[in-house]
Amino acid sequence: MNFNDFKLGEDGLLPVIVQDYMSSQVLMMAYMNEEAYKKTVETGKATFYSRSRKSLWIKGETSGHYQTVKEIALDCDQDTLLLKVHQEGNACHTGAYSCFYRYLDATEGNYIEVDTYKQKDVLSGVYDVVMDRKVNPKEGSYTNYLFDKGIDKILKKVGEETAEIIIGAKNEGKEEMVYEISDLLYHLTVLMVEKGANWEDIYKELDKRR
């Protein structure tokens, strides 16, 4: 789509909302001029126009927290873009995952900060930690112990946790089953990192089955 076909503001800029591709969490809001729009489409890296610096900026070029664009959507009035991205690290310069980490407390009339880790898709968060252990081994880490032992050990643990889910589900209540499912998801994450897969691959496969 030609940039001139958008309904731009008086400043000639297009507002852009950025959303986490997997969790759908809103990460930030920025603006694009024509050059930023073209760069984003051509490179697949979210690129914006800074109104304060009056220049282009590639998200993450300083921090390394790049946004890889997965989808671009246009609203019904053609005056706002929605970028769905894979976010490396955090989106906010404060260190929060999302720029929208303060919520209005209706009872007190002021804003409260929310634990941003809980905002991020938990499975993706665990995946990032496991991947970091793979790249940057830590002495005494159980995750690194599994990687060091190799694929057979990882598969053995996946099998053991699967059996423990069955046992837990046969008992009264859900607590034991929930605990064992969490163990399984962790070990499956280790397996995915070992085999070069990620949760996005799983989400896409599941989405095809709906």
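**Two domains, ten salt bridges and a cysteine pair**

The C-alpha centres of domain 1 and domain 2 lie 32 Å apart, the domain bounds coming from an automatic or database assignment. This is a predicted model, in which local features need pLDDT of at least 70 and side-chain atom pairs count only at pLDDT 80 or more, while totals for chains, interfaces and linings use all residues. Residues are numbered from 1 along each chain as its sequence is written, and side-chain values use heavy atoms, with hydrogens and water left out.

Me: Which residues does domain 2 cover in the domain assignment?

Reply: The assignment gives the chain domain 1 at residues 1-114. Domain 2 is then given as residues 119-206.

Me: How far apart are the end C-alpha atoms of residues 28-101?

Reply: UniProt, in an unreviewed entry, places the feature "domain: Phosphoribosyl-AMP cyclohydrolase" at these residues; its positions are in the numbering used here, feature names are shortened, and annotations may be inferred rather than shown by experiment. The stretch is 14% helix and 38% strand, where helices (H or I, at least four residues) and strands (E, at least two) are DSSP runs numbered from the N terminus. Its end C-alpha atoms are separated by 10 Å.

Me: How many disulfides are found in the whole structure?

Reply: A disulfide is taken as two cysteine sulfur atoms within 2.5 Å. For Cys92 the closest cysteine sulfur is that of Cys99, at 3.9 Å, so the two are too far apart for a bond. Cys92 is buried at 8% relative accessible area and Cys99 is partly exposed at 32% (buried is under 20%, exposed over 50%, partly exposed in between; 1.4 Å probe, protein chains only). The number of disulfides found by the search is zero.

Me: Which residue forms a salt bridge with Lys70?

Reply: A salt bridge here is a side-chain nitrogen of Lys or Arg within 4 Å of a carboxyl oxygen of Asp or Glu, and the whole structure holds 10 of them. In this one, the closest N and O atoms are 3.1 Å apart, and the pair links distant parts of the chain, strand β5 and helix α7 (residues 199-208), 130 residues apart. Lys70 is partly exposed at 36%, whereas its partner is buried at 8%. That partner is Glu200.

Me: Which residue is linked with Lys70 and Glu200 in a network of salt bridges?

Reply: Glu200 forms another salt bridge, with closest N and O atoms 3.5 Å apart. Its partner sits four residues away in helix α7, so the two are separated by about one helical turn. At 42% relative accessibility the partner counts as partly exposed, and the residue is Lys204.

Me: Is Lys54, which has a positive phi, exposed or buried?

Reply: Lys54 has a phi of about 55 degrees although it is not a glycine. Its place is the loop between β3 (47-50) and β4 (55-58). With a relative accessible area of 63%, Lys54 is exposed.

Me: What accessible area do Ile17, Val26, Met29 and Phe100 have together?

Reply: These residues form a nonpolar patch on the surface; patches join residues with over 30% relative accessible area and no salt bridge, like charges within 9 Å and nonpolar side chains (Val, Leu, Ile, Met, Phe, Trp, Tyr) within 5 Å. Phe100 lies in the loop between β6 (81-87) and β7 (102-105) and is partly exposed at 44%. Areas come from the Shrake-Rupley method with a 1.4 Å probe, only the protein chains shown counting as cover for residues. Together the four have about 320 Å².
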